[in-house]
Amino acid sequence: VQELDIQRYLGTWYEIARYDHSFERGLVGVTATYSMREDGKIKVENAGFKNSLDGKKSVAIGKAKIPNPNEPSKLKVSFFWFFYGDYFVFELDENYQWAVIGSSSDKYLWILSRKPQLNDYVYTQLLNNLTKRGYDVSKLIRVDQKVN
């Protein structure tokens with residue numbers, strides 16, 4: 001993504017699909033909420049439920065920054081002290097209704113939406129785009145969300 005208006009990106013996103021990784025394993029109903037902090041960094045609050053939508057709620061608070069203002073879609077996110085990981089916005093709906101997030105490696109991948117469900121046509125298009133980028137979309141885990 002060439003342009004990213006961080007003010008439009010702020011707010012809550014629902015996790016539609018992700019690659020498996022230890023820090024979210026077993027979580028469903030996952031959301032990521034972004035807000036500005038007083039120091040200019042972005043507060044990141046990830047929340048989800050363990051094993052079922054009625055399970056125990058798990059919340060992780062982190063921070064994000066945009067190291068290079070010329071590349072606003074390449075953020076760095078930290079949940080552990082000063083250890084920052086890549087958070088690259090690969091694709092973004094022009095109305096900021098869905099996003100595809102990855103990193104500099106192919107180990108991390110998320111599909112996010114402003115709503116708990118994503119239109120099947122859009123999801124299929126995103127999978128096709130990711131396949132063209134070289135991602136193994138068969139490794140994506142669909143994340144259960146509460147239906148609104």
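Which residue in E8 does Ile101 stand opposite? The partner is Trp110, and the strand that carries the pairing is a handy place to start. This is a predicted model, so a few ground rules apply: local features need pLDDT of at least 70, side-chain atom pairs count only at pLDDT 80 or more, and totals for chains, interfaces and linings use all residues. Residues are numbered from 1 along each chain as its sequence is written, and side-chain values use heavy atoms, with hydrogens and water left out.

Strand E7 covers residues 98-102; helices (H or I, at least four residues) and strands (E, at least two) are DSSP runs, numbered from the N terminus. Five of its five residues are buried, so E7 is largely enclosed by the rest of the structure. Buried here means under 20% relative accessible area, exposed means over 50%, and partly exposed is whatever falls in between (1.4 Å probe, protein chains only). In a regular strand the side chains alternate between the two faces of the sheet. For E7, both faces are covered, with Trp98, Val100 and Gly102 buried on one side and Ala99 and Ile101 buried on the other.

E7 has a partner strand before it and another after it in sequence. Pairing requires that DSSP finds at least two bridges between two strands. With E6 (residues 83-92), the pairing is antiparallel over four bridges, and Leu92 stands opposite Ala99. The two strands make a hairpin with five residues between them, and Tyr96 in that turn has a positive phi of about 60°. With E8 (residues 109-113), the pairing is again antiparallel, this time over five bridges. That hairpin leaves six residues between E7 and E8.

On to the charges. A search of the whole structure turns up seven salt bridges, each being a side-chain nitrogen of Lys or Arg within 4 Å of a carboxyl oxygen of Asp or Glu. One of them joins Arg18 to Glu15 at 2.5 Å, N to O, and both residues are buried. Glu24 comes into play as well, linked with Glu15 and Arg18 in a network of salt bridges. Asp20 and Arg25 meet at 3.0 Å, N to O; Asp20 counts as partly exposed at 39% relative accessibility, and Arg25 does too at 44%. Another bridge, between Arg37 and Asp39, comes in at 2.4 Å, N to O. Arg37 is partly exposed at 29%, as is Asp39 at 46%.

The rings get their own tally: eight aromatic pairs in the whole structure. Rings of Phe, Tyr and Trp (its six-membered ring) pair if their centres lie within 6.5 Å, with planes under 30 degrees apart called stacked, over 60 edge-to-face and the rest tilted. Tyr9 and Tyr87 have ring centres 6.5 Å apart and planes at 85°, so they are edge-to-face. Tyr9 sits in helix H1 (residues 6-9) and Tyr87 in E6, so the pair ties together parts 78 residues apart in sequence. Both are buried. Phe23 and Tyr108 make a tilted pair, 6.1 Å centre to centre with 35° between the planes. Ring pairs also link Tyr9, Trp13, Tyr34 and Tyr87 into a cluster.

Finally, some charges sit over rings, meaning NZ of Lys or CZ of Arg is within 6 Å of the ring centre and within 35 degrees of the ring normal. Lys139 lies over the face of Tyr19, 4.8 Å from the ring centre, and the charged end of Arg142 sits over the ring of Tyr123, 3.9 Å from its centre.
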